[in-house]
Every structure is written in structure tokens, then in C-alpha cells.
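Subject: Structure for your files

Hello,

Here is the structure I said I would pass on. My notes come after it.

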Amino acid sequence: MAQKKLSGEVFLPSKAVIEKATVKDWDVLNKRAQEDYEGFWSAEAENLHWFKKWDKVLDESNKPFYKWFTGAKTNIAYNCLDVHLTTWRRNKLAFFWEGENGDFKSYSYYYLNKYVCRFANILKSMGVVKGDRVTIYMGRVPELVFAMLACARLGAIHSVVFGGFSVEALHERLEDSKSKVLIVSDGSYVRGKIVDLKGIADEALARAATVEHVVVVKRTGHDINMEAGRDYWYHELCALPMGNQGCEAEVLDAEDPLFLLYTSGTTGKPKAILHTHGGYMVGTYASLKYVFDIHEEDRYWCAADPGWITGHSYIVYGPLLNGATSFMYEGAPSHPYPNRWWQLIEKYGINILYTAPTAIRGLMKYGDAWPQRHDLSSLRLLGTVGEPINPEAWKWYHRVIGRGECPIMDTWWQTETGMFMITPMPCVPLKPGSGGRPFPGLIMDVVNEDGESVKANEEGFLIIKRPWPSMMRTIYNDPERYVNQYWSRYPGYYLTGDSARRDEDGYYWIIGRVDDVIKVSGYRLGTAEIESALVSHTSVAEAAAIGLPHEVKGNAIHCFVILKEGVEATPQLGEELRKHVGHEVGPIARPENIEFVSSLPKTRSGKIMRRVLKAKALGVDPGNLSTLEE
């Protein structure tokens, strides 16, 4: 099929890439998905195990509360593990892990299933049943994967909290989910230091009422507090006889909840995104299969953290559903030296690397010499996630890490979407900085304030016009907020909250958030969370947070603070406030800079005008100030 000439700078897939690719013509796949959308997803679902098949692929009777594969019975953990145990994959490597300190562990599908069943039996013994919530707060260790799959096996709802979050963030999520059990590691290794996760958890538990039991996984072995009758060592529970038996997977409805994952919004309280077993399973399975073209012999590395949606979909569920072999690494990309990742790729023969632009920019600053010390020829595909990648970093990644031969799968999606939404495939021509076109079958658009499609290369609001299987089902315990935030501005269409443009070739370019959310190193942080943490300090009367461009992180947090009467503004106090935010929310949220001010620009209704603060900080025109209070 003749390739249409594309505008701008384009990187064409090589003959070798096309020959290896499962999908050799994106247009053919997209045409099939567009012409028979439900049939396309039904065919993907047929590749998975169902205890009972669905009555209907898509139920639109209660929009926007869409349901997929209604009437079907399944279990995502059963599909991740049990289905492989009856095939040769039983002895295939499911995943292998290296700790920052060099520790190593590996798990076949058979062996991984043993650990998951053991963990599920431990949770059962603590009274965990279908529908109960279990919070998981750990570093990147294998037990985090066991815990997630154990919950899914029982029909319990897991809520993973990123190990970089601190006391208030963990407490808030425990309280909102009303979790019965907390699973925590004693600590984690980050850049050669121990992060005291159990200590943070103890402080959060002092404020949380519903947690009955705490399972503690030993990772660092440093001294921690163990409260009698509440806290139990995981390794001691594993040694008990009940832990060694098998554990039948619960037969669940396709729409039964699988997990909650909290994400920052425009108001103070993070919202709990709810995903379900059936649709999420089909979406993550199909999207990983097509976009990263997983082959049986591949060694795949998603370098995200399981505490974020990327880790849920493309470290845990997606790879295991596809019967893939995955690698997990505990530590930071540049510890102890900037070649750690390149060393790991060479050591383990990694074929696919999926990471964030922040990590790429961070490693790029050390130059070409570090990666060039290593044999990276095993790499076949590269990927990015979390934020738009600037063309310069894209080209460095392609040229230096990919040797000019590895296509880059630049993916746009969200916690809410569960799967890739705008993404290329290996057979697709690439434009540096663009995610390409929507995943086959999806209908997306860029619209103006009135919901009308904008012209090519004009900026507008990114919307999704058609439901998809792995879409969030609601905001946990807050369906009204779900409707208001995502479906009310353009009725019938999903509002992503991102601005974008679409070029003359139909390629999408994501510009950034349009709400009060700051993306730092690809992680979404609500301005309200940061401001609340600042105001909780005894010296602070009021605060406002904005994101400013940062060479490595994408954005850095800049805060404006009004102090209480009689409190003196000093550099020491500024540093104390930075540390306070880090303690309350997590190190990722620590402001780059604190600026003391006597007032904040507000609308007449009292809303802080952050765009005015941003314009002031950047030294640009603040625009229309007619709604300003004074």
C-alpha cells in the first residue's frame, strides 16, 4: 500500500521493523475496528478466559456509566496466571527483579502463582472478602505484584499508594477507601538511602480508623515499630501451613471492581478512579499486544512504578495477560552512576524499554558516553509515557539508545482511560513529539469552547467521542463528581482535561493540562494538595502553587505564601516549608521555590488566578485581568 507523504519531520519504520511487526498496516487494523467497533473488542476478548461469556459487548443504557461485556464472568488474576499453567508457559519466566543494592529474584508463571495464592490465603485469614478494600504502600519489590494479584484473585479491591507519597497522602487514601488491611514494606532503597515506609505508615495509621491489620514485608531490615495484634511480618505468615495451600480464584462479574487509584484533580481531595475486571482486562491486554508488539521471546521493561496507572496496566496486568517476560528494577536511573539502566539492558538482554520523558532528559544531560559504554543492541522498541516528550529528547533517545533503529512508542493516556489512547505502532511513521493517532477504533477530537472541531494545528480541548473497554467506571463513592468532571462540559463526550492540536495528517500533539494540575516528572499533583499542605503549617495563612517549566522534570513547583501576622519571612522558613510539603504529600511534591508575598491575585468570587502568578513568574503578559478582585 503506497504511503501518503506526511508533513514535518518524519521517521519511517525500517524494513526489518515491518518484517518483525505483527501488525504491518495500521490503516487496515483501524478500518476493521472503525467499521465493527464492538466486533473488534469482542474478538480481542475471545483471546482471554471467561467462566461465562458476555450477553452484550457494550451496554449504553445508562450513559455515561457505560458497561462492557455485561453478563460475563471472569477474573483478571486467573487470566494473568492460571491460564498459562496449562501450557508450556507454566515454566516460562514471568518476571525478574533487581534491587538497587544488586539483589536478584526471578519467578516463573508456576512459581509466581504459588506466591500469589499464598498471599491471597493470608488476606483471607484476615477476613478479606470480595469487595473489601486493601491499601498497598511499598517500593518497587516483587511482593507488590503478589499483593495486587492476590487481591484481584479474591475479588478484593486494591488501592496502591505510590511509595514516594507521605503521611497525609497515605492517610487520605486509607480514609477515603475505608481499607480493612494495609500492606507495607519496612522501607525501600532510593539512591542508596532507606525510605522509612513503615514509619510513615504508622503516622498515617494513627489517623486512620478502619485498618484492622497491617502486613509488613521485610525489605531493608532496619528497626521499625511493630504493634502487637495489628502488625504481622509477611515472611512469618508465609511460614504458616495455611499459606502454602492453593487458592481458587473468585468467579467475578465483568463489572466487579478491580482497583481504586487516586489521581489529583482540580479540588483538594484526590479522586479515586474505579476500574473493573472485564473491560480493563481486555483493554490492557490488546493495547500492549499491538503497541509494543510483544513476542514470546521478548524481555520487556516498563520502568515506571506500580503505584501509578502505568505500573498497573503495563508492569503488572498487561504483560502477564500476554504471557510476557517482564523486568522490574527497584532503584533510581542514575544510581550509583548514570549508566545503571544501560548496564541493566546489556546484562539482561532487554528488548523493549518503556519509560518517562523525565528519565530520558535526566540521563541525556550526562551525555552520550555513558550509554555508549554498553551493548544496547538487544533493544528492538522504545516507549515514552507520562507527558509530552520534546523533540530534542525524542531524537537523542532514538539515536543514542535506539541506535537509530528502534521505533519510539510515544503514548498518551490517563489513569482514567486505563490503556493507551493516542499511540503509534511499530509499523507507523513517527513524528518526534507527537503520539500519533488514536488507538484503532477510537474516535477523538480537538474542540473549541463551544465543542466545535478546530482547524488543523489549532489548539483546543482534547475529547474522546466513543466509550472504550478499559475506561474508568466512576469516581469511587462520588458518581456526581464523575459526571460533572468528565461528561458535563460536552454532553456525551469524555473531557480529558488536556489541551492538544491535531495536524493535517491526523497526528495529535498534546500540549498540557488545562486545569490546576501540575505534572512533575510525569506525575500529576493537584495544586490544592500542595497548598493544603502549606496551610497546615502553623506559620502559613494562605498559599498558591503553580508549575513552571523545568529542563529535566518538565515542570517544577513554585509556591507563593502569605504568612500569618507576626511571622518573619526568612530563607530558613522557606526551607522548612519545602520540607513540610515533602513530609505531608511526598518528596515528589516538594516545591522548587517558596516566594513570600503579601497578597494573591483573586477573582471576585475568591478563586486564585494562578495564570496571573505564572505570567508574573515567567515575566510575560498576564492577559485579561477584568475578573481580578483588585
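The notes below cover cysteines, one helix, one pocket and two buried residues.

This is a predicted model, in which local features need pLDDT of at least 70 and side-chain atom pairs count only at pLDDT 80 or more, while totals for chains, interfaces and linings use all residues. Residues are numbered from 1 along each chain as its sequence is written, and side-chain values use heavy atoms, with hydrogens and water left out.

Cysteines. The search of the whole structure turned up zero disulfides (a disulfide being a pair of cysteine sulfur atoms within 2.5 Å). C247 is in none, and the nearest cysteine sulfur, that of C117, is 5.5 Å away. C247 has 6% relative accessibility and so counts as buried (buried is under 20% relative accessible area, exposed over 50%, partly exposed in between, with a 1.4 Å probe and protein chains only). For C427, the closest cysteine sulfur is in C406 at 16 Å, which is too far for a bond. C427 is also buried, at 8%.

Helix α5. Helices (H or I, at least four residues) and strands (E, at least two) are DSSP runs, numbered from the N terminus. Helix α5 covers residues 109–125, and its end C-alpha atoms are 24 Å apart, in agreement with the 24 Å expected for 17 residues (1.5 Å times one less than the number of residues). Its buried residues include Y109, C117 and F119. After α5 comes G127, with a positive phi near 90°.

Second largest pocket. The lining consists of 40 residues, with I511, G512, R513, N555 and K614 nearest the centre. Among the elements giving two or more residues to this lining are β25 (508–513), β29 (554–563) and α19 (610–618). By class, the lining has 16 nonpolar, 13 polar and eleven charged residues (Ala, Val, Leu, Ile, Met, Phe, Trp, Tyr, Cys and Pro count as nonpolar, Asp, Glu, Lys and Arg as charged, and the others, Gly among them, as polar). A pocket is an open set of points on a 1 Å grid over the protein atoms alone, where a 1.4 Å probe fits, with protein on both sides within 12 Å along at least five of seven lines; lining residues have an atom within 4 Å of a point.

Two buried residues. S326, in strand β17 (residues 325–329), is buried at 6%. Beyond its neighbours within four places in sequence, S326 is in contact with residues including F95, Y300 and P319 (contact is heavy atoms within 4.5 Å). K92, in the loop between α4 (76–85) and β4 (93–98), counts as buried at 8%. With residues up to four places away in sequence not counted, K92 touches Y109, E296 and T325, among others.

Regards
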